[in-house]
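I opened this notebook to write down what I looked up, one topic at a time. I begin with the cysteines, then turn to the backbone and to the confidence.

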Amino acid sequence: MTDGCPYLEYRALSEAGRAESRAYCTAADEFVQPMRADICNDRYDLDHETDCEIYREAEGLSEGVEGEGAGGD
């Protein structure tokens with residue numbers, strides 16, 4: 001298992017008086033939902049390298065899952 005997505009950061013919300021931080025995707029340039037952050041952190045047997053389309057696009061990796069019609073003969 002990896003150390004998590006290199007595009008994930010935790011940033012403070014800009015709203016005054018709020019000290020909490022949220023997951024931020026630097027590849028998409030936006031805050032992400034907690035469910036997306038689970039993928040970024042490789043929780044629950046998820047892997048950002050195979051399960052995140054944003055990461056795959058940022059890294060220039062091919063789409064699709066190996067063995068599901070990709071690289072067809």
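Before searching, I noted that a disulfide is a pair of cysteine sulfur atoms within 2.5 Å.

**Cysteines.** The model I have is a predicted one, and my search of the whole structure for disulfides found zero. I then asked myself why Cys5 has no bond to the closest cysteine sulfur. The closest one, in Cys40, lies 5.3 Å from the sulfur of Cys5, and this is too far for a bond because the cut-off is 2.5 Å. I also looked up the surroundings of Cys5, which is buried with a relative accessible area of 11%. Cys52 is likewise in no disulfide, and the nearest cysteine sulfur, again that of Cys40, is 5.7 Å away. Cys52 is buried, with a relative accessible area of 5%.

**Backbone angles.** I reminded myself that most residues other than glycine have a negative phi. Asp29, although not a glycine, has a positive phi of about 60°; I found Asp29 in the loop between strand S2 (21-25) and strand S3 (30-31), where it is exposed, with a relative accessible area of 55%. Asp42 also has a positive phi, of about 55°, and sits in the loop between helix H1 (34-40) and helix H2 (48-51). Is Asp42 buried or exposed? Asp42 is buried, with a relative accessible area of 4%.

**Confidence.** Last, I checked the pLDDT, which averages 82 for the protein, with 79% of the residues scoring at least 70. Over residues 67-73 the pLDDT is below 50, and beyond near neighbours in sequence I note one contact for this stretch in the model.

How values were computed:
Residues are numbered from 1 along each chain as its sequence is written. This is a predicted model: local features need pLDDT of at least 70, side-chain atom pairs count only at pLDDT 80 or more; totals for chains, interfaces and linings use all residues. Side-chain values use heavy atoms; hydrogens and water are left out. pLDDT is the predictor's confidence in each residue, from 0 to 100. Contact means heavy atoms within 4.5 Å. Buried means under 20% relative accessible area, exposed over 50%, partly exposed in between (1.4 Å probe, protein chains only). Helices (H or I, at least four residues) and strands (E, at least two) are DSSP runs, numbered from the N terminus.
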